Amino acid sequence: QVALVESGGGLVQPGGSLRLSCEVSGRTFSSLAMGWFRQAPGKEREVVATIGWSGSSTFYADSMNGRSTISRDNAKNTVYLQMNSLKPEDTASYYCAASIAYYCSVSACYGEAHYNYWGQGTQVTVSS
């Protein structure tokens, strides 16, 4: 049973920073591509950033490009999302996802359909 547990969400003022973490268990973490997605109220879920197995291949959506960094620590079975210069429009539930597809592990797929396992989400609220 694969489990993904997100943490690090919370309330932050505009311009602030947060680092989300997602710990994975139940599968060899280094074989997985990982991604962060988000869903705001009334909107569809969208990709934020993804990363291949080694960390050398990454993808960033335009919405947070330049303001976020995805990274992973294969020794800790954890993927991170560092978010800076947060805006109210970044308010959403943030989800960690894992893909077992080999081509995603090397090329950082950004399509939601490629991801097999999902966490429960962590809420990020950007407000003054």
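These points concern strand 4, its pairing partners and two loop residues in a predicted model.

1. Strand 4 covers residues 33-39, and 6 of its 7 residues are buried. The strand is therefore largely enclosed by the rest of the structure. Buried here stands for a relative accessible area under 20%.

2. One pairing partner of strand 4 is strand 9, residues 92-99. The two strands are antiparallel and share 7 bridges. Within this pairing, Phe37 of strand 4 faces Tyr95 of strand 9.

3. Strand 4 also pairs with strand 5, residues 46-51, again in the antiparallel sense. This pairing has 5 bridges. Gly35 has Thr50 of strand 5 as its bridge partner.

4. The connection between strand 4 and strand 5 is a hairpin, with 6 residues between the strands. Gly42 lies in the turn and has a positive phi of about 80°.

5. Asn77 is not a glycine, yet its phi is positive, at about 55°. The residue sits in the loop that links strand 7 (68-73) to strand 8 (78-83). Its relative accessible area is 29%, so Asn77 counts as partly exposed.

6. Ser85, also not a glycine, has a positive phi of about 50°. It belongs to the loop between strand 8 and strand 9; strand 9 is the strand that pairs with strand 4 over 7 bridges. With a relative accessible area of 42%, Ser85 is partly exposed. The cut-off for exposed is over 50%.

Note on methods:
Residues numbered from 1 in each chain as written. Predicted model: local features only at pLDDT ≥ 70, side-chain atom pairs only at ≥ 80, totals over all residues. Heavy atoms only, no water. Buried < 20%, exposed > 50% of the residue type's maximum accessible area, 1.4 Å probe, protein only. Helix = DSSP H or I, 4+ residues; strand = E, 2+ residues; numbered from the N terminus. Pairing = 2+ DSSP bridges.
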